[in-house]
Amino acid sequence: MSDSSPSPPKQDPSLQPLLRSILLEIAIYVPIVATYFWLILRFAGDKLASLYQDSLTLYAIAATLAIVIQGVLLEVLTSWLLRRFGLRH
Amino acid sequence: MFFPISQVFTNPFVLAAIGFIVGLLGGFFGVGGGFLAGPLLFWTGVPMNFVVGTDLAHMTGKSIVAARRHRALGNVDFRLGLLMILGTIPGIEIGAQLLEVVDKTGQADHIVGYTYVFILTVIGLFTGLESIRTIRKKRTDRLPAKDVLGVVRTERRSRLFNIPPLIKLTVSGVESVSIWSIIFIGFFTGLLAGFLGVGGGFARLPMLVYIIGVPTHVAVGTDLFEIVISAGYGTFTHSLKGNVDIMIALTMLTGAGIGAQIGAVGTRYFSGPTIRLMFSILPLIAAVLVLLRIGI
């Protein structure tokens, strides 16, 4: 039975490049995450909380948009960092 | 740190760490990870009414990260994903209605719990046994693991899955498959999601592999694409009911983002049967967690 078409991505028997990428990516990520907590959550928290109290419809739109935008931005950021540092991914 | 929406004091780094673990699983196995994130969120002190909605919100963002990465690896079959959604959304709604009916009996926790445990155990055992059989076959027959599946695809066994219209799934490499079988998978997993309050990825991945014959890597990527849509829909509806603390979800996503990336890239290093073997452990862990939750 086929589990083969189209051919899955090439597999590398060595996990070393992946582990190196993981460690470097985590090292890059920790300061970004810490800054994010301080900047975004600190200042946006109250505004989102008041939106939650005032209008759930607006809050639902803002919440859905926020999670989608952050998801896209995180992927773009991490992909860019990986390319910038010439890491394998 | 204080999260004013759910009125919870909790450590944001713990939330990010939970996101990382769940993101890693999601990126690698194509599951939402709600079975794990839910109990962990509850453990950090998040009220139960916020757990499901907040988990769905973080799942949406995490799946975007992982699905984009899988798309770059050529692992997302958009045609398949969009067709499944046609079944998923009504499935979720009917599942939720079914849950309300069961809820009126006063035995909802036990009925849902035992149903969940049964389904999880069947999926875990079946996937585990099949992948072990496949890996053994690979060793004895000297076939590459990616070229074998330890069972005969259901689509090849039954004429039900050849009801027209038939379509070709180019990315998945499936020459001909009935649209109805794809919509059925979406509907069935949506029904489970609505009834059990979970994402349904744990059922979708094996169904895509064993019923449609989608390669494991493409099943993972396509499942994540499906989760983006279904969890995004769930996020919006739960937000309308006031059940989402978006601050917590955004915090979890900072960890989940990197976890999902690493998990997605990690699939390049393992063959389909190996991924399925590791995946088979997840439903069994989830079954134990559910049994503990309903007090067995």
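**View 1. B:Gln7 is an exposed residue in a loop of chain B.**
Let's start with a single residue in this predicted model. B:Gln7 has 11 other C-beta atoms within 10 Å, and a residue counts as exposed when that number is 12 or fewer, so B:Gln7 is exposed. Where along the chain does B:Gln7 lie? Look in the loop between strand 1 (2-3) and strand 2 (8-9) of chain B. The backbone here is worth a second look: B:Gln7 has a positive phi of about 60 degrees, although it is not a glycine.

**View 2. Chain A and chain B, side by side in numbers.**
Now step back to the two chains. Chain A holds 2 helices and 0 strands, while chain B holds 12 helices and 4 strands. Of the 89 residues in chain A, 22% count as buried. For chain B, with its 296 residues, the buried share is 57%. Contacts in chain B also link distant parts of the sequence: among those between residues at least 6 apart in sequence, 77% join residues at least 24 apart.

**View 3. Helix 3 of chain B is mostly covered.**
Helix 3 of chain B runs through residues 48-72. How many of its 25 residues are buried? The count is 20. You can check the length of helix 3 of chain B yourself: at 1.5 Å a residue, its 25 residues should span 36 Å, and the end C-alpha atoms are indeed 36 Å apart, so the two values agree. Just after this helix comes B:Gly74, which takes a positive phi of about 75 degrees.

**View 4. B:Met48, an exposed residue of helix 3 of chain B.**
Is B:Met48, a residue of helix 3 of chain B, buried or exposed? B:Met48 counts as exposed because it has 10 C-beta neighbours inside 10 Å, and the cut-off for exposed is 12 or fewer. Try finding B:Thr121 from here: B:Met48 and B:Thr121 are 73 residues apart in sequence, and their C-alpha atoms are 25 Å apart in space.

**View 5. Helix 1 and helix 10 of chain B cross at roughly 35 degrees.**
Helix 1 covers residues 12-29 of chain B, and helix 10 covers residues 246-266 of chain B. Their axes come within 6 Å, and the crossing is right-handed. What kinds of residues make up this contact? They divide into 19 nonpolar, 12 polar and no charged.

**View 6. Helix 4 meets helix 7 in chain B.**
Helix 4 of chain B (residues 78-103) and helix 7 of chain B have axes that come within 6 Å and cross at roughly 35 degrees. This crossing is right-handed. The contact residues divide into 23 nonpolar, 8 polar and 1 charged.

**View 7. Helix 7 and helix 8 of chain B are roughly antiparallel.**
Here helix 7 of chain B (residues 179-196) returns with another partner, helix 8 of chain B (residues 201-212). Their axes come within 10 Å and cross at roughly 155 degrees. Angles over 145 degrees count as roughly antiparallel, which is why these two helices get that description. Helix 7 of chain B passes helix 8 of chain B in a right-handed crossing. On the helix 7 side of chain B, the contact includes B:Ile182, B:Ile185 and B:Leu192; on the helix 8 side of chain B, B:Arg204, B:Met207 and B:Leu208 are among the residues. The residues of this contact divide into 8 nonpolar, 2 polar and 1 charged.

Key. Residues are numbered from 1 along each chain as its sequence is written. Chains are lettered from A and ligands numbered from 1 in the order in which they are written. This is a predicted model: local features need pLDDT of at least 70, side-chain atom pairs count only at pLDDT 80 or more; totals for chains, interfaces and linings use all residues. The expected span of a helix is 1.5 Å times one less than its number of residues. Axes are lines fitted to C-alpha atoms, for helices over the stretch in contact, and angles run from 0 to 180 degrees between N-to-C directions. A crossing is left-handed if the near helix is turned anticlockwise from the far one by less than a right angle, and right-handed if clockwise. Ala, Val, Leu, Ile, Met, Phe, Trp, Tyr, Cys and Pro count as nonpolar, Asp, Glu, Lys and Arg as charged, and the others, Gly among them, as polar. Angles under 35 degrees count as roughly parallel, over 145 as roughly antiparallel, 65 to 115 as roughly perpendicular and the rest as oblique. Two residues are in contact if their C-beta atoms, placed from the backbone, lie within 7 Å.
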